[in-house]
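Dear colleague,

I am passing on the structure we spoke about, so that you have it open while you read. My notes on it follow below.

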Amino acid sequence: MEGETFLWLIRHAPVDGIKGTIHAADAPADLGDPRPLQALRQHLPKGAASYASPSRRTVDTARALGLAPELMSEFSEQDFGEWTGRRHDDIAAAGDEAYAQFWSDPARGRPPGGESFEDQVVRARLGLARVGAGPATLVVHSGTIRAALCIALNLTPGAALRFVIDPLSLTRIDRLASGWRVVSVNQRIS
């Protein structure tokens, strides 16, 4: 790939659903307050390529930002398999041994029928390789942004999980000829 790539990574709006739930891909975004979207829109590059996870909440957020993204499955959130649609508290209260084991090493742990965060990093690397030179906006998930930071900073997946990525926050990274540059992480636009 030739040329430099400038990435605006946006975490989707909050999910319109029960807090503490491992949401499925069809969970909608809560777009009730247009003010944060309007503020964020002012910080995005005009005419940039646009990409999003195919999840409903990322697509809803991208469209609310005035974007028409190309959907890329490589940017999907980590697959939590059999735990998808369930509340964390309910899984823990049920005494699920796999759940306790997962949290002892969340970077390498795999939920039943799901994938590890390490797997998500591999997927995100493939997706980032498909993004061409120039400015691009990516409306994605917190895990996807952590995976991109893992790649940009050459971190272990466990270290990358330490980043906090809030809904509707902006993270800026650039892929330069000399390597990656991190401009900002979890920037709240108001």
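To begin with one side chain, W103 has a relative accessibility of 44% and therefore counts as partly exposed. Please keep in mind throughout that this is a predicted model, and that what follows was computed from it.

W103 pairs with its neighbour F102 in an edge-to-face arrangement, with 4.9 Å between the ring centres and 85 degrees between the planes. F102, in contrast to its partner, counts as buried because its relative accessibility is 4%, which is under the 20% limit used for that term. The structure holds five aromatic pairs, and another of them joins W83 to Y99, again edge-to-face, at 5.2 Å centre to centre and with 75 degrees between the planes. This second pair links distant parts of the chain, since W83 belongs to the loop between β3 (70–71) and α3 (88–93) while Y99 belongs to helix α4 (residues 97–104), 16 residues apart. W83 is buried, at 1% relative accessibility, and Y99 is buried as well, with a relative accessible area of 9%. Taken together with F80, the residues W83, Y99, F102 and W103 make up one aromatic cluster.

One further ring is worth a look when you turn the model: the charged end of R172 sits over the ring of W8, at 4.0 Å from its centre.

As for charged pairs, side chains of opposite charge can pair when their charged atoms come close. A search of the whole structure finds ten salt bridges, and I describe some of them here.

The side chains of E70 and R130 meet in a salt bridge with an N to O distance of 3.2 Å. Because E70 lies in strand β3 and R130 in helix α5 (residues 117–130), this pair ties together parts that are 60 residues apart in sequence. Both ends are partly exposed, E70 with a relative accessible area of 39% and R130 with one of 45%. The two are also members of a network of salt bridges that links E70, E74 and R130.

A salt bridge within one helix is formed by D60 and R56, whose closest N and O atoms are 3.6 Å apart; both residues lie in helix α2 (residues 56–64), four residues apart, or about one turn of the helix. D60 is partly exposed, with a relative accessible area of 22%, and R56 counts as partly exposed too, at 44% relative accessibility.

R123 and E115 form a salt bridge through their side chains, at 2.5 Å from N to O, and here both residues are buried.

Finally, two asparagines deserve attention for their backbone angles. N154 has a positive phi of about 55 degrees although it is not a glycine, and its place is in the loop between α6 (142–153) and α7 (157–160). N186 likewise has a positive phi, near 55 degrees, in a residue other than glycine, but N186 is found in strand β6 (residues 179–188). Is each of them buried or exposed? N154 counts as exposed, because its relative accessibility is 70%, whereas N186 counts as buried, because its relative accessibility is 17%.

With best wishes

Conventions: Residues are numbered from 1 along each chain as its sequence is written. This is a predicted model: local features need pLDDT of at least 70, side-chain atom pairs count only at pLDDT 80 or more; totals for chains, interfaces and linings use all residues. Side-chain values use heavy atoms; hydrogens and water are left out. Helices (H or I, at least four residues) and strands (E, at least two) are DSSP runs, numbered from the N terminus. Buried means under 20% relative accessible area, exposed over 50%, partly exposed in between (1.4 Å probe, protein chains only). Rings of Phe, Tyr and Trp (its six-membered ring) pair if their centres lie within 6.5 Å; planes under 30 degrees apart count as stacked, over 60 as edge-to-face and the rest as tilted. A charge sits over a ring if NZ of Lys or CZ of Arg is within 6 Å of the ring centre and within 35 degrees of the ring normal. A salt bridge is a side-chain nitrogen of Lys or Arg within 4 Å of a carboxyl oxygen of Asp or Glu.
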